[in-house]
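Colleague: I am new to reading structures, and I would like to learn how one goes about it with a real case on the screen. Could we take it feature by feature?

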Amino acid sequence: MVQASAPGKCILFGEHAVVYGQPAVAVAIDQRMSVELSLSNDWRIDGMSFHPDRHPHVEALKQRLWDLGPALSIKISGNIPPASGLGSSAALSVAASAALRCARGRQMVDDDWAEGWTAARPGSIYDGPWTSSKGDSVVNGADCVDEDECAILAHAVEAYAQGGRASPLDSSACAHGGCIVLSDKIEDNLNWIYTRSLNGVSWHVHSVDLSNIDDVWLVIGSTGIHAPTSEQVEKVANLIKEQPGKMREIETIGIVSRRGIAALMNGDMESVGRAMSENHLLLRSLGVSCPELEVLISAAAPSSLGVKLTGAGGGGCMIALTRNPKMTSEAIELAGGRTLISKLASDGMKIDNDDKAPLWNPHE
Ligand code: MEV
């Protein structure tokens with residue numbers, strides 16, 4: 001059996017605006033998705049026959065990493081509510097990429113990759129893997145798994161599922177964990193990891209160390225309403241087409257995000273909270289909030305440093321940055337929301353079991 005897991009994410013600043021190249025911040029949360037693979041007589045997901053159209057993310061990864069490979073039984077588990085803006089699909093894609101790579105191993109040549117996807121090589125994520133003929137050795141198990149590769153593959157799959165419009169925010173946060181900042185330029189004071197481009201938009205992906213911040217929590221409140229990201233992203237695109245002046249909101253979200261990033265780096269959580277609440281007002285004027293989110297946000301506000309919807313909106317979840325997680329969580333629950341509590345920046349993708357790796361050697 002091979003098992004990998006990846007965290008969900010919350011967006012602190014910049015959702016939707018990031019699709020247009022504005023800066024945004026996401027943090028990995030404590031809630032995770034896990035993917036377990038074992039050899040099987042036929043393709044199964046959670047004991048049922050595998051239908052590619054019901055699991056497009058897994059199908060897309062299977063084509064890239066397991067083409068012609070033996071049948072697998074795939075078990076998916078986790079505590080990230082689906083379609084709620086918490087990155088469940090990106091976490092699933094990252095965990096599945098990690099598990100599949102772990103289960104197939106990686107060809108190496110002269111101690112370098114002979115196959116794979118990496119930001120260190122030129123070319124778009126759709127150009128296919130950087131690959132050579134059979135290498136001179138193979139690395140198996142956890143040692144061959146790479147966060148960058150999982151992030152690239154998850155972004156490709158997310159973009160496909162969102163009709164080509166997807167930033168690498170969710171996929172990078174779920175792969176690397178911690179705190180991820182996307183920006184339209186390389187930020188001198190942040191740790192630049194790589195740059196991704198899709199459909200003429202480029203994002204410079206950075207990480208920020210938040211390990212010194214330990215006295216604030218995120219309380220996540222779910223409306224229980226499922227709102228597909230693709231529909232919300234399209235709604236904003238249509239709004240901007242009909243009312244080009246709404247691009248001002250997108251640009252202002254970018255300015256607020258920059259203020260939020262500076263506050264995060266200074267450890268000034270009061271200012272982080274204020275910027276989050278301001279960001280929410282701008283999202284509301286883009287039409288991606290809804291009455292159910294507003295009720296939870298009003299309930300959480302008095303005990304929080306900042307409150308906003310998180311992710312695509314239209315339902316899904318809100319987040320509250322708070323020093324009183326119990327009080328904030330109770331307020332949200334009383335208003336009808338289900339809550340989760342997370343610290344601010346959790347661990348990234350992990351291989352939890354590679355005892356049986358490899359499950360397939362495609363290069364023999
Ligand atoms: C979804 O979690 C975040 C959006 O900004 C879409 C994206 O970044 O691809 C709404």
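Modeller: Let us begin with the ligand, which occupies the space that is the largest pocket. On a 1 Å grid over the protein atoms alone, a pocket is an open set of points with protein on both sides within 12 Å along at least five of seven lines, and a molecule sits in it if more than half of its atoms lie within 2 Å of its grid points. This is a predicted model, in which local features need pLDDT of at least 70 and side-chain atom pairs count only at pLDDT 80 or more, while totals for chains, interfaces and linings use all residues. Residues are numbered from 1 along each chain as its sequence is written, and side-chain values use heavy atoms, with hydrogens and water left out.

Colleague: Which residues come nearest to the ligand?

Modeller: A residue is near a molecule if one of its heavy atoms lies within 4 Å of it. Of the 14 residues around the ligand, those that come nearest are Lys9, His16, Ala166, Ser167 and Asp170. By class, this shell has six nonpolar, five polar and three charged residues, where Asp, Glu, Lys and Arg count as charged, Ala, Val, Leu, Ile, Met, Phe, Trp, Tyr, Cys and Pro as nonpolar, and the others, Gly among them, as polar.

Colleague: Which side chains have a polar atom lying a short way from an oxygen atom of the ligand, and at what distance in Å?

Modeller: A polar contact is a pair of N or O atoms within 3.5 Å. A polar side-chain atom of Ser167 lies 2.7 Å from a ligand oxygen, one of Asp170 lies 3.1 Å from a ligand oxygen, and for an N or O atom in the side chain of Lys9 the distance to a ligand oxygen is 3.1 Å. The protein buries 98% of the 300 Å² that the ligand exposes when taken alone, an area from the Shrake-Rupley method with a 1.4 Å probe.

Colleague: How are the strands β6, β7 and β10 arranged?

Modeller: Strands are DSSP runs (E, at least two residues), numbered from the N terminus, and two strands pair if DSSP finds at least two bridges between them. Here the three strands form an open sheet in the order β7-β6-β10, with antiparallel pairing. Strand β6 (residues 106–109) pairs with β10 over three bridges, and Gln107 has Val138 as its bridge partner in β10.

How values were computed
A polar contact is a pair of N or O atoms within 3.5 Å; within protein, one must be able to donate a hydrogen and the other to accept it, and residues adjacent in sequence count only if both atoms are side-chain atoms. On a 1 Å grid over the protein atoms alone, a cavity is a set of points where a 1.4 Å probe fits but cannot get out, and a pocket is an open set with protein on both sides within 12 Å along at least five of seven lines; lining residues have an atom within 4 Å of a point. Helices (H or I, at least four residues) and strands (E, at least two) are DSSP runs, numbered from the N terminus.
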